Structure formats: structure tokens, C-alpha cells
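User: I am new to this structure and would be grateful for a close look at its sheet of five strands and the helices packed on that sheet. Please set that part in the context of the other strands and helices.

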Amino acid sequence: MAATPQNPAAETPRRKVSRHRGEGQWAAGHFTPLNGNEQFKKDDDGLNVRTRIETIYSKRGFDSIDPNDLRGRMRWWGLYTQRKPGIDGGKTAILEPEELDDEYFMLRVRIDGGRLTTQQLRVIGEISQEFARGTADLTDRQNVQYHWIRIEDVPEIWNRLEAVGLSTTEACGDTPRVVLGSPVAGIAEDEIIDGSSAIDEIQRRIIGNKAFSNLPRKFKSAISGSPLLDVAHEINDIAFVGVNHPEHGPGFDLWVGGGLSTNPKIGQRLGAWVPLDEVPDVYEGVISIFRDYGYRRLRTRARLKFLVADWGVEKFRQVLEDEYLQRKLVDGPAPDQPVARWRDHVGVHRQKDGNFYVGFAPRVGRVDGATLTKIAELAEAHGSGRVRTTVEQKMIVLDVEETQVESLVEALEALDLTAKPSPFRRGTMACTGIEYCKLAIVETKARGASLIDELERRIPEFDEPLTININGCPNACARIQVADIGLKGQLMLNDQGEQVEGYQVHLGGALGLEAGFGRKVRGLKVTSEELPDYVERVLTRFQEEREDGERFAAWASRASEESLS
């Protein structure tokens, strides 16, 4: 740990200076005052709540749960209380937590690298049907989320998941969350480097380790050697992006400080090239900086992105090298601009071994347990028993022989899981929304599904890559700021003066090496009812005004406010 810096006030004894409270950085000796979250973490490590769940809460029921466990430490094991049914969005910010809490939980299963066997997928599906009323949403962080989970059933669910190598450990909370990975790692023809071994080592070394279980806030990470840049590296706290070094060969370009929510920031390159076998060490160094120097006084400034913004990349790299790695990192090149129009791996693609992988698109990540078990059966019948989840709420079946491809595609279509989706089906994502989320203000999943249907009916000829991301609140779980069309849920007045669900519109956001945040047109809000009309109108204007080869994001950045309204 770094030495405590000199107090600036000591250098000017003649001038009365009030003592700065600091930002709650442990490495600077700032251990107080503590906000409520920091207090309950100090009182007891979040990982310890598992014993109480297994021995007390699951036996005595929901009412026996300590409030600091219920709304705090249980997140360390993937558990959030879900929204009580019937509470409208206008009350989200008004009611007390106990008034919003239902006696059921959302439970998140972490799937590092998006890697699943069909045995694991079948167990996920069976748990959904037996304990979660059939729910099993695919998230944009490669996880699966259940709803309607009773505390009495949690130990049995853990037993079943862990029997097949799955876990909910630190799927939520102020912890190292799931490590995103390329869903075609190790099989893609164009892969620069396979980062799977690094993900495995990070899981072994970091996840569930109490040295890293009390972070200032969540810590999101991604590792991919795909030239498609397929893990949204730009908006993670730490990301390793595959590159070829002119002298040292394949390795990873290191990024830090990305994140969205209400104060979005694109991650920044440290200019360092990291070989595969050093990725876990560098990951541990960066997460240690976050633990020791991260801001803990205010939750609103507790993400790594704020520290990186204040320090700058030069200081961040220097601290990483001097205090944590005790060596210099190798300078390295930036990744190349991806050439593919999509980076979600949907469709039929040849693997480097001559087989094929087939990516398919559910509607806005909404699946169910019965469907997941059927996918497992199809993957076993047509492939080798390996499936993957993606950061776009999609899935992939690996290792399909050429003679089996057409049969698999047809079988998926019969489940409404198309490998040949329209741009609207392919590019629309939605967060959990008011159906289950206590932070949400509006509905999202059903709205996204109906929007897809309307756009496919109204403008079937539209064939450009397009992302439409729908979020139920300002927290950006569905990445609204980096979508072509980002929709942030809010309440608004319609033409009749009635309060209704609607969206603030962001236009022209993007990921990739030209990543940027969407443009907000002053006063542009759309009611849920008017949403299909609005999107149709904007896309029609895009088709009329675009230059040859121009993407929607580029057009939206230059279009007039009239064209975007």
C-alpha cells in the first residue's frame, strides 16, 4: 500500500485551512466518515452472508432476514429483492425500500466468458422451471437472471448450480463481477488470441477472495482477442483487447476507466501491451488500485472511472507499475478498427477447425427455462455440447458440422430463435424494467418486443445495422448512451395532459474505436404509445438523407434537430 501523502495544510501553517475529508481512499488514510454501504461492509464481509442464508434465512423465511443483509450483503451472492407487483413508476423514488421490496428475489448466475456446456444450460433451465416460474433472462453481460426466487430455495439452487461448475458468487455487489469474454474464443477463424486461460486464472485467484470482496463499487471487466471487439470493452472498468505487437506478437491492449450510468465515460488506453500469461497479474494490480485508491465517501463517485479521470492515464499507469507490479509494462499498439458491420456473432460462421457456429437472437434477451433446455438438446444433437452467451443478449451453438447447420437453423426458428434476424430483432436490447426492477420507472421487455414487431411490419426493407437500447431508468443497464437509438425510461405528460410512460431519446451513440455517446435533442421525449411512430419517422429520414455508406450514428451526429424530432 502506498505511503500516506503529506498534508498540504502542514506546508502553510500561517493560513487557516479546514481539513479535507478526503474521498474515502484507504491508501490515503481516509477511513472515515463511512456511508451506509461502507459501514455494513466494514461490519461484516458480504461473502459471509451465505452461511446465514443457508442456516437461518432459508429455514426461518423472508421476515427473518437482517435489513443490511437483505439490501446489501446478499448481493455478494447474486441476490436482489425484486419489485413488488402493482407499484407504478411514479412511486419508484418516493417509497421506502421495504415498501418496494417483494418477498421474492432476482438471482443472477454468473457465466464468465459466456461459456456453458449443454449440461450446465440444462440445469439452468431446470432450475428456472422448478424455482423461478420459468423466468431466465439473458443479460448484456453474458449472465442469466432468474426471478420469483424464494429464500427457502436458494441453498438447493446453489447446490445444483455448483454441482455443474456454475456459481452466483459475486454476481452482484461491490465486487469483481462476471469477466466478459469473446463467445467464440478459441474457435473463430480470425481470432488474434484466445483469452480463456486468463479468465480461468482470474476466477481462481480473485472471485470469492476476501482480499477483493470489499471494493468501493462494482468492478466490470472484459477480455477478448476477437478483432470484432465483441465485449464492449469501451465501457468496462478494465478491458484487455486483442492486438498484435510488431515485436512480441499477439497479446492484449489494456483499457481502464469505462462505465455508463448517469455519468458515462469511455474507457482509456494505458498504451500498454500485456502478454496472455501476465493478464491475471495486471488485472489484480488494477483491481487493487481500485480497492486501495478508489473513492468511497460518495457512492456517486465510487466507480473506477472517476479515479482514472482525476489521475489521468499516465499517473494510473505509473502507480500500477511502481506500486503493484514492481515492473514496467511494454508499450503497445492500439487495436485495429473492426471491419464487420455487426459484432454479435449472429448467423452461421465457419470455425477455424472447419465446423460452424450458429448465433441466434431471442427477443430482447427474454427466454424461459423450457426454451433453454430445448436449446441444450439442440446443441447436443447438432454440435459438441458447447454453447455461449453474448454481450448483446444473444446465444451461440458451437461445433456444428456443415451437414447439420440447416437442420439446426430450422429447429431454432421453430422456437422463435432466429439465426437470420431483421436488423430490429438483432439490434434491440432491453433491461429488466419495471416488471421486476425496483429502480425502474417504465416497462421495457414487452415494449422492446412489440417495437421489433412494428418496425418489421412497417419498414421491412430496412437492412442497415442498428442498435435500439431500452432502459427503464437512468442507470443504463441496457447501454442507452452508446446505442444508435437509446431510450431512457421516464414519466411524461401526453397530449391530453395525462402522466404516462415515455422515454428520453439519445441518438447516434456507438461502440468501437470511434465510440461516443448519443446526442440528446432538447426537449425530445416520446411516449411509449408513440414510440413506433417516432422510430419509423427517424429511420425513414435517415434513409432519405444519408450519404453513400453512411452509418446511422454518423448521420445522427450531423442531422438537423428537425430530422431527429
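Analyst: Two strands are said to pair if DSSP finds at least two bridges between them. Strands themselves are DSSP runs of E with at least two residues, helices are runs of H or I with at least four residues, and both are numbered from the N terminus. The model is predicted, so local features need pLDDT of at least 70 and side-chain atom pairs count only at pLDDT 80 or more, whereas totals for chains, interfaces and linings use all residues. Residues are numbered from 1 along each chain as its sequence is written, and side-chain values use heavy atoms, with hydrogens and water left out.

The part in question is an open sheet of 5 strands in the order β16-β17-β18-β19-β20, and its pairing is mixed. At its edges stand β16 (428–430) and β20 (519–527), each of which pairs on one side only. From one strand to the next the twist averages 25°; angles run from 0 to 180 degrees between N-to-C directions, and axes are lines fitted to C-alpha atoms, for helices over the stretch in contact. Edge strand β20 is joined to β19 (residues 499–507) by 5 bridges in the antiparallel sense. Within that pair, Gln504 is opposite Lys525 of β20.

Two helices accompany this sheet. Helix α15 (residues 531–545) packs on it and touches β17, β18 (485–493), β19 and β20, with a direction at about 140° to that of β20. Helix α14 (residues 445–458) lies across β16, β17 (468–471) and β19, and runs at about 155° to β17. Contact here means heavy atoms within 4.5 Å.

Cysteines can be considered next. A disulfide is a pair of cysteine sulfur atoms within 2.5 Å, and by this rule the count is 0. The sulfur of Cys431 has its closest cysteine sulfur in Cys477, 6.1 Å away, which is too far for a bond. For Cys437 the closest cysteine sulfur is that of Cys473, at 5.9 Å, again too far for a bond. Cys431 counts as buried at 13% relative accessibility, while Cys437 is partly exposed with a relative accessible area of 27%. Buried means under 20% relative accessible area, exposed over 50%, and partly exposed in between, for a 1.4 Å probe and protein chains only.

Other strands offer a setting for this part. A further open sheet has 4 strands in the order β1-β2-β5-β4, with antiparallel pairing. Its edges are β1 (79–83) and β4 (137–138), each with a single partner strand, so one side of each has no neighbour in the sheet. Strand β2 (residues 101–109) runs antiparallel to β5 (residues 144–149) and is joined to it by 4 bridges; there, Val109 has Val144 as its bridge partner.

Strand β9 (residues 249–256) is largely enclosed by the rest of the structure, because 7 of its 8 residues are buried. It forms a hairpin with β8, with 3 residues between them, and 8 bridges join β9 to the antiparallel β8 (residues 238–245). Strand β9 also pairs with β10 (residues 268–274) in the antiparallel sense over 4 bridges.

Finally, helix α8 (residues 279–293) packs against α10 (residues 313–325) at an angle of about 105°, with axes 10 Å apart. The two are therefore roughly perpendicular, a term for angles of 65 to 115 degrees, where under 35 is roughly parallel, over 145 roughly antiparallel and the rest oblique.
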